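Good morning, colleagues, and thank you for your time. I should like to take you through one protein model, and I ask that you keep the display in view as I speak.

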Amino acid sequence: MEKEYIGYQPQDFKTEHAPYFNEIILPLASHAQTALANSPFQPGALPPFSAANYLESEGYTDLENGYTKNADGSIHVAVQTYMPNVTPSMWDWWFGWHGCQNNRYKLWHPKAHVSAHWEDGRDDVAYIGRHSIIKEYIGEELLEAVIQFKSPTEFGFSPETINNPEKAVYICARLGHPTLPVDYGYLVHQVRAVTGGSEMRSRFWLGGQYVNVRKTGVLAELASDFLRKVRSLPKNFGPDLLKHCSEEMTHLAAFLPDLYAKFTKNTEGLQIAGNITNQDDPGFDALVMGTLFNKIDPASAPTWSLNPRAFRILLPPLPMPELPAKKLPFVRAVIVLVPTTCATIVC
Ligand SMILES: [Zn+2]
């Protein structure tokens, strides 16, 4: 286990990404300050998690910045961040890239981020379906959490919406405790393209009705103190989270285009960072039958399918006749190219 501390120490400054470490956090954006002054808003002013796909709609809602405290002890938080020169795909890459090293995670919020590692121990650039174990200060509170990244379709977003990363990406996760069997919330960061860059619309639903105990028995009993705490969250958690989110998204967005350019420019071939659906997963047959595979013999059905949204062709586009099909020995796969920017993969 790496030693844990705030900020960079001499060994961190030896990394390739160290030039992007900036200890200066800008003053909180004025719209976030106004939101804090006007919160909490009436319960119901922000939709519940079950209606999260309202973010797909064009335009804005009445409440884009602020938080609500609800009768069951839960809080809903909304934060908007404008990010010049940033594209939705840059954030998609960031969520896959940063989670394997503390000093990458610290680039995002140098005053509050302590540690991050993937539960699976791998360092590949991917996040959907993986668990990121993090420690960070939200206000004065040291939060330890497992961020369980999910496919946006599991949160109710439509395949049409998520197949268009040039327009918007949706980073979706369940939040839980890293060692106790308790989940206590959800988050969605929608990053959508706007004139001059992108905007992030972050949403959090935490505590109260969003608390779920994964197991019963001794572990659940050990969790009872923690359960009390998350069922009725600390008084400052809503405002502290709003502030933290606004600060970290603004901070990273200032150098994300340069960071992205530096660490993706040598990538060759294909980058797979998507949601893999296996043969045993619910909905697999429907997924496969809705694709090109419905033309093939059932006995030759694939064993898994990759959500095309997260599948990028990084090679320069070639005329279709030159790429009828390409063998990929390392995954024993055949890629069927559909248009120049999207593909379906069968193993
Ligand atoms: Zn953070």
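I shall begin with the chain as a whole, then turn to a hairpin, a helix and two points of backbone geometry.

Please bear in mind throughout that this is a predicted model. The mean pLDDT of the protein chain is 84, and 77% of the residues score at least 70. Over residues 292–298, however, the pLDDT is below 50, and this stretch has seven contacts in the model beyond near neighbours in sequence. Residues 308–347 likewise stay under 50, and here the model has 62 contacts beyond four places in sequence.

In secondary structure, the protein chain comprises nine helices and 16 strands. Of its 347 residues, 34% are buried. If we take the contacts between residues at least 6 apart in sequence, 66% of them join residues at least 24 apart.

Let us now consider the hairpin. Strands β1 and β2 form it, with five residues between them. The two strands run antiparallel and are joined by four bridges. Lys 69 of β1 stands opposite Ile 75 in β2. Within the turn, Gly 73 has a positive phi of about 95 degrees. Which residues of β1 point one way, and which the other? Gly 66 and Thr 68 point one way, Tyr 67 and Lys 69 point the other way, and all are buried.

From β2 we proceed to helix α2, which spans residues 88–97. Eight of the 10 residues in α2 are buried, so that the helix is mostly covered. Among these buried residues are four tryptophans, namely Trp 91, Trp 93, Trp 94 and Trp 97, together with Phe 95 and Asp 92. Against which elements do the buried residues of α2 pack? They pack against two helices, α3 (102–108) and α8 (256–264), and against the strands β6 (168–176), β7 (182–194) and β8 (197–206).

I turn finally to the backbone. Most residues other than glycine have a negative phi, and most peptide bonds are trans. Asn 85, in the loop between β2 and α2, has a positive phi of about 65 degrees although it is not a glycine. Is Asn 85 buried, exposed or partly exposed? Asn 85 is partly exposed, because 13 other C-beta atoms lie within 10 Å, whereas a buried residue would need 20 or more.

The second point concerns the peptide bond from Ser 39 to Pro 40, which is cis, with omega near 0 degrees. Pro 40 is found in the loop between α1 (30–38) and β1 (66–69).

Methods
Residues numbered from 1 in each chain as written. Predicted model: local features only at pLDDT ≥ 70, side-chain atom pairs only at ≥ 80, totals over all residues. Buried ≥ 20, exposed ≤ 12 C-beta atoms within 10 Å, placed from the backbone. pLDDT = per-residue confidence, 0-100. Pairing = 2+ DSSP bridges.
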